Amino acid sequence: MKTEIFINQGIHESRIAIVEDDRLAEIWVERPENERLVGDIYKGTVTAVLPSLQAAFVDIGLERTAFLQVRDMIEAENAESSERSSRNGRRPRSLPVIQDLIKKGEEVLVQIAKEPISTKGARVTTELTLAGRFMVLMPGRSWVRVSRKISQVQERRRLRELLLNVQPKGYSVIVRTEGKGKSEKEFKRDLKNQIKTYERLIKRSKRLPVPSLVHKEMGMTSSVIRDLFTERIDRLVVDSKDLYNEIQEYLHWVSPELRKRVELYRDKRPIFDAFNIEQGLEKVNERDVWMKRGGSLVIDHAEAGTFIDVNSARSTGTKDQEESNVNTNLEAAKEVAHQVRLRDIGGIIVIDFIDMQDERSRRKVIDTLIEEVKMDRAKVSVSPQISEFGLGEMTRQRVRPNLLHTHSEACPICKGLGRVMGPDTTVTKIERWLRRSYAANGDRRYILRVHEDVAEYINQNRGHRLKSIRKATKARLEIEVDSSLTTQDYRFISEKRNIDVTTEFKV
């Protein structure tokens, strides 16, 4: 597979695209007012400890207080061991109670593990980690682990023995996938840099007030170069000369053999236009996704999760309905894996596949989905079977808001419902408003200001509806069109007092 990275450095935002076999696979967007927070370390104050939730709230100076769970306060290896025991049906190792670990008013160093999303504050941990090129350093304890993606037993053993020899006392180490095949000299250099960083941030934390940012993790572009730009990437193209020089300097120290794969884009035409990325980005937040054979996905987001409906639509399959459904579902399974990765959709994802009668066909579709999500760097878990209702279920690690939230904001009209009231519903609300006014012995003469569509609806059939309203509510009503209002808004102006009285009788 040919894999390329393209970086567009703009005035108001930076964008990074990963393209696999000429198809957009992942996209990151970062703006100055919305910088990534994952990995940042803060000095904060515990504002509440909740034994019922086994969690605490920590004020770190952000808009919303951060959320700290008890499992994010214990050593990572112990937490993982407890989780594995639970999954294997064995009695999980009991966790300590949070009230024994932390108290209200206590100052604490925490690291952001998940960005604030919607109404939820950031999720934090007291188990600090510092990521290097080849390894992750964790202050405290003294164990060594190797990434599961390094599968060769002999290499895992070599890396473990190597790190045990160079590991300093009081630090745990996790070898990253990029550590495969690296020498002791390279690990020592990486380790030295991370220890220096940790010692600096500890000194800094002691003199800073509460709450304060103690350590800022690498920006989006730098972290992508550190984490993703490996020998598996065929080339990296960047349109900023300063950033190009910065990348070259970084690679000179960590991976000099990759420097020749970095290209500076010099054309006047925008880089994402030149490599056909912009066109794909225009469709990335569309609700409907069309597939090659004519089927489609309909993607809907909700607070509880994301729901994907598979439709045969214009699908041109075989005459055999079952076979046609299976083929559409197989294509949909591949497209679902691609879309959740591209859109960075996290949390619970429910897929409504087209009905299939054969159990082997349902198994084949799920196996395809499981195989396709292996391309995803995020943690993905897929339910091993399609439910009796034809639903496939999966969860995907949510670290930051998805692209839809990055590129958009809640609709001020529908308040996130995705639908607005029609003129008929608005008119019934207007009638009820007038009835409340009548019952309260309010004014009788009003100017009613509404959207053009509502005014047209009221005046249909030679004003029959308006006459009915006047008769039922004993109100003398004049209609005015106000283009600044939506179809579900209305304004009542009292002719007697010459003021807006809408709120007086509105529920």
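**Exercise 1.** In this predicted model, decide whether Q54 counts as buried, partly exposed or exposed, and then describe its backbone.

*Solution.* The relative accessibility of Q54 is 22%. Buried would require under 20% and exposed over 50%, with partly exposed in between, so Q54 counts as partly exposed. The residue belongs to the loop that runs between strand 4 (41-50) and strand 5 (55-59). Turning to the backbone, Q54 is not a glycine, and yet its phi is positive, at about 50 degrees. Most residues other than glycine have a negative phi.

**Exercise 2.** Work out where N461 lies and whether N461 is buried or exposed.

*Solution.* N461 is part of helix 13, which covers residues 460-473. Its relative accessible area is 61%, and because the cut-off for exposed is over 50%, N461 is exposed. Its phi, near 55 degrees, is again a positive value in a residue other than glycine.

**Exercise 3.** Determine how helix 8 and helix 9 are oriented to each other, and which residues make their contact.

*Solution.* Helix 8 (residues 321-343) packs against helix 9 (residues 359-372) at an angle of about 15 degrees, and the axes are 8 Å apart. Since angles under 35 degrees count as roughly parallel, the two helices are roughly parallel to each other. Their crossing is right-handed. Helix 8 contributes E322, V326, N329, L330, A333, K334, V336 and A337 to the contact, while helix 9 contributes S361, K364, V365, T368, L369 and E372. Sorted by character, the residues of this contact comprise seven nonpolar, three polar and four charged.

Methods
Residues are numbered from 1 along each chain as its sequence is written. This is a predicted model: local features need pLDDT of at least 70, side-chain atom pairs count only at pLDDT 80 or more; totals for chains, interfaces and linings use all residues. Side-chain values use heavy atoms; hydrogens and water are left out. Axes are lines fitted to C-alpha atoms, for helices over the stretch in contact, and angles run from 0 to 180 degrees between N-to-C directions. Helices (H or I, at least four residues) and strands (E, at least two) are DSSP runs, numbered from the N terminus. Angles under 35 degrees count as roughly parallel, over 145 as roughly antiparallel, 65 to 115 as roughly perpendicular and the rest as oblique. A crossing is left-handed if the near helix is turned anticlockwise from the far one by less than a right angle, and right-handed if clockwise. Contact means heavy atoms within 4.5 Å. Ala, Val, Leu, Ile, Met, Phe, Trp, Tyr, Cys and Pro count as nonpolar, Asp, Glu, Lys and Arg as charged, and the others, Gly among them, as polar. Buried means under 20% relative accessible area, exposed over 50%, partly exposed in between (1.4 Å probe, protein chains only).
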